[in-house]
Amino acid sequence: MGFEEIPSKGYKPKKGDISVLPQNEVSSFGHIAIYGGKQWVSDYEQKYFYPNPYYKKKGQEQ
């Protein structure tokens, strides 16, 4: 259906990109957001790609 996993290194979001993050110790359901062209949006307007510090820490470890 057009899904393509994109490496995070050097990634620059484009309008319509979707982020799917797995469940973990702080989020039993995981997280999904879409890039609206200026910011990431899920059930709220996110300030950053990662919805919380836990996901950011895990993302930097990869």
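Two strands are said to pair if DSSP finds at least two bridges between them, and the strands themselves (E, at least two residues), like the helices (H or I, at least four residues), are DSSP runs numbered from the N terminus. The model is predicted, so that local features need pLDDT of at least 70 and side-chain atom pairs count only at pLDDT 80 or more, while totals for chains, interfaces and linings use all residues. Residues are numbered from 1 along each chain as its sequence is written, and side-chain values use heavy atoms, with hydrogens and water left out.

**Exercise 1. Describe the overall make-up of the protein chain.**

Step 1. The protein chain holds one helix and three strands, and from the N terminus on these elements run β-β-β-α. The radius of gyration, taken over C-alpha atoms, is 12 Å, close to the 11 Å that the globule rule gives for 62 residues, so the protein chain is as compact as a globular protein of that length. The rule itself is 2.2 Å times the number of residues to the power 0.38.

Step 2. Along its principal axes the C-alpha trace spans about 30 × 25 × 25 Å. Of the 62 residues, 23% are buried, where buried means under 20% relative accessible area, exposed over 50%, and partly exposed in between (1.4 Å probe, protein chains only).

**Exercise 2. Work out how the strands are arranged in the sheet.**

Step 1. The three strands form an open sheet in the order β1-β2-β3, with antiparallel pairing; β1 and β3 are the edge strands, each pairing on one side only.

Step 2. Between β1 and β2 the antiparallel pairing runs over four bridges. Leu-21 stands opposite His-31 in β2, and Val-20 has Ile-32 of β2 as its bridge partner.

Step 3. β2 and β3 pair in the antiparallel sense over two bridges, and in β3 the bridge partner of Ile-34 is Val-41. The hairpin of β2 and β3 has four residues between the strands, and in this hairpin Gly-37 takes a positive phi near 110 degrees.

**Exercise 3. Sort the side chains of β1 and β2 by face, and then examine Ser-19.**

Step 1. In a regular strand the side chains alternate between the two faces of the sheet. Along β1, Ser-19 and Leu-21 point to one face and are buried, whereas Ile-18 and Val-20 point to the other and are not. Along β2, His-31, Ala-33 and Tyr-35 point to one face and are buried, whereas Ile-32 and Ile-34 point to the other and are not.

Step 2. Ser-19, which is found in strand β1 (residues 18-21), counts as buried because its relative accessible area is 5%. Leaving aside residues up to four places away in sequence, Ser-19 touches His-31, Ile-32, Ala-33, Trp-40 and Phe-49, a contact being heavy atoms within 4.5 Å.

**Exercise 4. Identify the nonpolar surface patch and place Val-41 within it.**

Step 1. Patches are made of residues with over 30% relative accessible area and no salt bridge, with like charges joined within 9 Å and nonpolar side chains (Val, Leu, Ile, Met, Phe, Trp, Tyr) within 5 Å. A salt bridge is a side-chain nitrogen of Lys or Arg within 4 Å of a carboxyl oxygen of Asp or Glu.

Step 2. Ile-18, Val-20, Ile-32, Ile-34 and Val-41 form the patch, with about 450 Å² of accessible area together, as given by the Shrake-Rupley method with a 1.4 Å probe. The elements that give two or more residues to the patch are β1 and β2 (31-35).

Step 3. Val-41 lies in strand β3 (residues 40-41), and Val-41 counts as partly exposed because its relative accessibility is 31%.
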